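User: I should like to learn how to read the surface and helix features of a protein model. Could we work through them one at a time?

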Amino acid sequence: MSLSRSFQVSVSTISNANMQALKASGRSDVLLELEILKKPVYLAFILSSIRISVLAVAISMVLNNFIEMLIDILPNKRVIKYPYKEQFKDIFPTFLLAIIMVLFIYPIGFLHLNSILEIILDVIVGAIVYLSGAYLLKLQPLFYFLSYLKYLFKGRS
């Protein structure tokens, strides 16, 4: 289940960024259209999986989140001139790092540690893997974050 939750969080982050861009551009009409379009999809996934099992519901929510992400990125091509190819090019490295991080932390669950210790270990291993990967891929957000930390710790001069 942690894999599906990780995927859902990654995808919902992409959707939220696209929704924020639409809000910033003042296009609440487009947001309403998107929500009206997404609700029947959500309802179809829930109704088709609820009678099968809890696992089926979890899987259907992962699929639903992915489809909602695709729906959310559609209007940004015309509203803010951010083509799909550019969006996926910007998203892919981060998404790849998230998948690699999950592959590293998932086996920790099989160690049968105390829950708190497992969470702490997940966070430490996940942070090391993700930040190392971001550094190797030279992702701009990491360097922006590091420069901001330097600014905070050196004092605002």
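The dialogue below takes up a surface patch, a helix and two loop residues.

Analyst: Please bear in mind throughout that this is a predicted model.

User: Which residues form the nonpolar patch on the surface?

Analyst: The general idea is to look for nonpolar side chains that are accessible and adjoin one another, the joining distance being within 5 Å. In this structure Phe66, Ile67, Leu70, Leu74, Tyr84 and Phe88 form such a patch, and together they have about 460 Å² of accessible area.

User: Which helix gives the most to the nonpolar patch?

Analyst: Helix H3 (54-73) and helix H5 (84-105) each supply at least two of the patch residues, and H3 gives the most, with three. An α-helix has 3.6 residues a turn, so residues three or four places apart point the same way.

User: Where does Leu74 lie, and how is its accessibility classed?

Analyst: Leu74 belongs to the loop between H3 and helix H4 (76-79). Its relative accessible area is 44%, and the class between the cut-offs of 20% and 50% is partly exposed; Leu74 is therefore partly exposed.

User: What span should H5 have, given its number of residues?

Analyst: One compares the expected rise with the distance between the ends. The 22 residues of H5, at 1.5 Å a residue, should span 32 Å, and the end C-alpha atoms lie 31 Å apart, which agrees.

User: Where in H5 does the kink lie?

Analyst: H5 has a kink of about 35° at Phe92, shortly before the proline Pro93.

User: Which residues of H5 are buried?

Analyst: The buried residues of H5 include Gln87, Ile91, Leu97, Ala98, Val102 and Ile105. Phe88, by contrast, is a member of the surface patch.

User: How should one read a positive phi in a residue other than glycine?

Analyst: One notes the angle, then the location and the accessibility of the residue. His112 is not a glycine, yet its phi is positive, about 55°. His112 sits in the loop between H5 and helix H6 (115-136), and because its relative accessibility is 70%, it counts as exposed.

User: What is the phi of Lys138, and where does this residue lie?

Analyst: Lys138 has a positive phi near 55° and is located in the loop between H6 and helix H7 (140-154). With a relative accessible area of 62%, Lys138 is exposed.

User: How far apart are the C-alpha atoms of Gln20 and Glu68?

Analyst: Sequence separation and spatial distance are read side by side. Gln20 and Glu68 are 48 residues apart along the chain, and their C-alpha atoms are separated by 15 Å. Gln20 is in helix H1 (residues 2-24) and, at 46% relative accessibility, counts as partly exposed.

Terms used
Residues are numbered from 1 along each chain as its sequence is written. This is a predicted model: local features need pLDDT of at least 70, side-chain atom pairs count only at pLDDT 80 or more; totals for chains, interfaces and linings use all residues. Side-chain values use heavy atoms; hydrogens and water are left out. Patches are made of residues with over 30% relative accessible area and no salt bridge: like charges are joined within 9 Å, nonpolar side chains (Val, Leu, Ile, Met, Phe, Trp, Tyr) within 5 Å. Accessible areas come from the Shrake-Rupley method with a 1.4 Å probe; for residues, only the protein chains shown count as cover. A salt bridge is a side-chain nitrogen of Lys or Arg within 4 Å of a carboxyl oxygen of Asp or Glu. Helices (H or I, at least four residues) and strands (E, at least two) are DSSP runs, numbered from the N terminus. Buried means under 20% relative accessible area, exposed over 50%, partly exposed in between (1.4 Å probe, protein chains only). The expected span of a helix is 1.5 Å times one less than its number of residues. The bend at a residue is the angle between axes fitted to the seven residues ending there and the seven starting there.
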